[in-house]
Amino acid sequence: MDSKFPLDESILALCPAGSVVLSAVAHGHSLWTITGKINKRHPDGDVRTCFIKAKKLANNDYGRTMLLSEFAALETLHCLAPGSVSRPLPWGKYISALPDTYFLVEDFCEIDTALPSPSELTRRVLRIHRVSSPCGLFGFPVTTFCGIVPHLNSWESSWSTFFAQHLRETVGMDRRTNGDWPELTLAAERLLTIVLPRLLDPLQQGNQPIVPRLIHGDLWNGNVGRGTETGQLVFVDVGSLYTHNELEIGSFRRYGKQNFGQSYAEDYKKVFPPSCPPDEFDDSYRLCSLKYDLGHSAGNPGNDSRK
């Protein structure tokens, strides 16, 4: 067996009895996990390929929480927006690893990472955004992640309250990572207590209140590609939650080369018009983009996105 990826009895136990692992090699790139590709031959002669992520336990059970959350998000998207993600297989804990290590396995999908056109991305994203919250609330059954920043997903009826707790957590993680910046702390507090409710409360008022919808949760150009076998766009590294769909496209505006850009947001708006009041869309759009910029800063100390 060609093995350059650390396997464990827990992974081998997932294979049917009599299976043979042909190779286990490092594959892909991740800032927070190690990733690999496993080829195995089942007793019937069928050769299967799967993708694996593993994360060593960090403080506050971070490794377990991150991989459980991605598994839950993948299951939800695979079920409610079929074809948008690879099929998730089991997740679990390594038997023979110190410190404790958790893993997630999914069907392997070779992807081409060339950027899709704005219209193609919009069509694919809307397959997800058409799914509304099963309970009518903002949230998700488990904590999910955008990069290293957790989505605090306790069920909530108010969009303003829900987004405020997410943005406050992101601001706090940025401060813990990069140190206190008094001017930013003051500006953030004014934003959270004055600007945010002024912009977001009206979105749940009037004749067309927003509906919590399923989103990818960490959508940037590194988390989408085209399946080489199907030719369809596939999303990876999901951190899904039920929230206002315009939070998703806030990432298109984020700092640096990782953003999709304004043309993608404009195409999305043609198909899914801005929520009311539409003349305040750009202000709430800017507000949503702050979450992604500060989240990127929190995970990348010293990055200019903080500015």
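The chain carries 31 positive and 34 negative side chains, and the centres of these two sets sit just 1 Å apart. These numbers, like everything below, come from a predicted model.

Moving from charge to overall build, the chain is made up of eight helices and 13 strands. Its C-alpha atoms fill a box of roughly 60 × 40 × 35 Å when the box is laid along the principal axes. How does the radius of gyration of the chain, 20 Å, agree with what a compact globule would have? For 307 residues, a compact globule would come out near 19 Å, so the 20 Å of this chain agrees. Turning to the surface, the accessible area adds up to about 14,200 Å², and carbon and sulfur atoms account for 53% of that. As for the inside, 49% of the 307 residues count as buried. The contacts also say something about how the chain folds back on itself: taking those between residues at least 6 apart in sequence, 65% join residues at least 24 apart.

The domain assignment splits the chain into domain 1, covering 9-106, and domain 2, covering 112-306. Where the two parts meet, domain 1 puts in 20 residues and domain 2 puts in 23 residues. Measuring from C-alpha centre to C-alpha centre, domain 1 and domain 2 are 27 Å apart.

A few residues in domain 1 are worth a stop along the way. Ala-13 comes up in the loop that runs between helix H1 (9-12) and strand S2 (20-26). Is Ala-13 buried or exposed? Its relative accessibility is 61%, and because that is over the 50% mark, Ala-13 counts as exposed. Ala-13 and His-42 are 29 residues apart along the chain, and 13 Å separates their C-alpha atoms. Further on, Gly-45 belongs to the loop between strand S3 (34-41) and strand S4 (47-56). With 42% relative accessibility, Gly-45 counts as partly exposed. From Gly-45 to Val-20 the C-alpha distance is 9.7 Å, with their positions 25 residues apart in sequence.

Leu-80 is part of helix H2, which spans residues 62-80. A relative accessible area of 39% makes Leu-80 partly exposed. Which residues does Leu-80 contact, once its neighbours within four places in sequence are left aside? The answer is Val-131 and Tyr-242. Thr-243 is 163 residues away from Leu-80 in sequence, yet the C-alpha atoms of the two are 16 Å apart in space.

Over in domain 2, Glu-120 is found in helix H3 (residues 118-129). Glu-120 has a relative accessible area of 19%, and since the cut-off for buried is under 20%, Glu-120 counts as buried. Apart from neighbours within four places in sequence, Glu-120 is in contact with Arg-226 and Leu-233.

Leu-200 is another buried residue, with a relative accessible area of 1%. Leu-200 is located in helix H5, residues 182-200. What does Leu-200 touch, not counting residues up to four places away in sequence? The list runs to Trp-159, Ser-160, Phe-163, Ser-284 and Leu-287. Val-171 is 29 residues from Leu-200 along the chain, and the C-alpha atoms of this pair are separated by 18 Å.

Two spots in the backbone also catch the eye. Most residues other than glycine have a negative phi, and most peptide bonds are trans. Asp-237 goes the other way on phi: the value is near 50°, positive in a residue that is not glycine. Asp-237 has its place in the loop between strand S12 (233-235) and strand S13 (241-243). At 29% relative accessibility, Asp-237 counts as partly exposed. The other spot is the peptide bond from Cys-276 to Pro-277, which is cis, with omega near 0°. Where does Pro-277 lie? Pro-277 is in the loop between helix H7 (262-271) and helix H8 (281-299).

Conventions
Residues are numbered from 1 along each chain as its sequence is written. This is a predicted model: local features need pLDDT of at least 70, side-chain atom pairs count only at pLDDT 80 or more; totals for chains, interfaces and linings use all residues. Side-chain values use heavy atoms; hydrogens and water are left out. Helices (H or I, at least four residues) and strands (E, at least two) are DSSP runs, numbered from the N terminus. The radius of gyration is taken over C-alpha atoms; the globule rule is 2.2 Å times the number of residues to the power 0.38. Buried means under 20% relative accessible area, exposed over 50%, partly exposed in between (1.4 Å probe, protein chains only). Contact means heavy atoms within 4.5 Å. Accessible areas come from the Shrake-Rupley method with a 1.4 Å probe; for residues, only the protein chains shown count as cover. Lys and Arg count as positive and Asp and Glu as negative; His and the chain ends are not counted. The place of a charge is taken as NZ of Lys, CZ of Arg, CG of Asp or CD of Glu. Domain bounds come from an automatic or database domain assignment.
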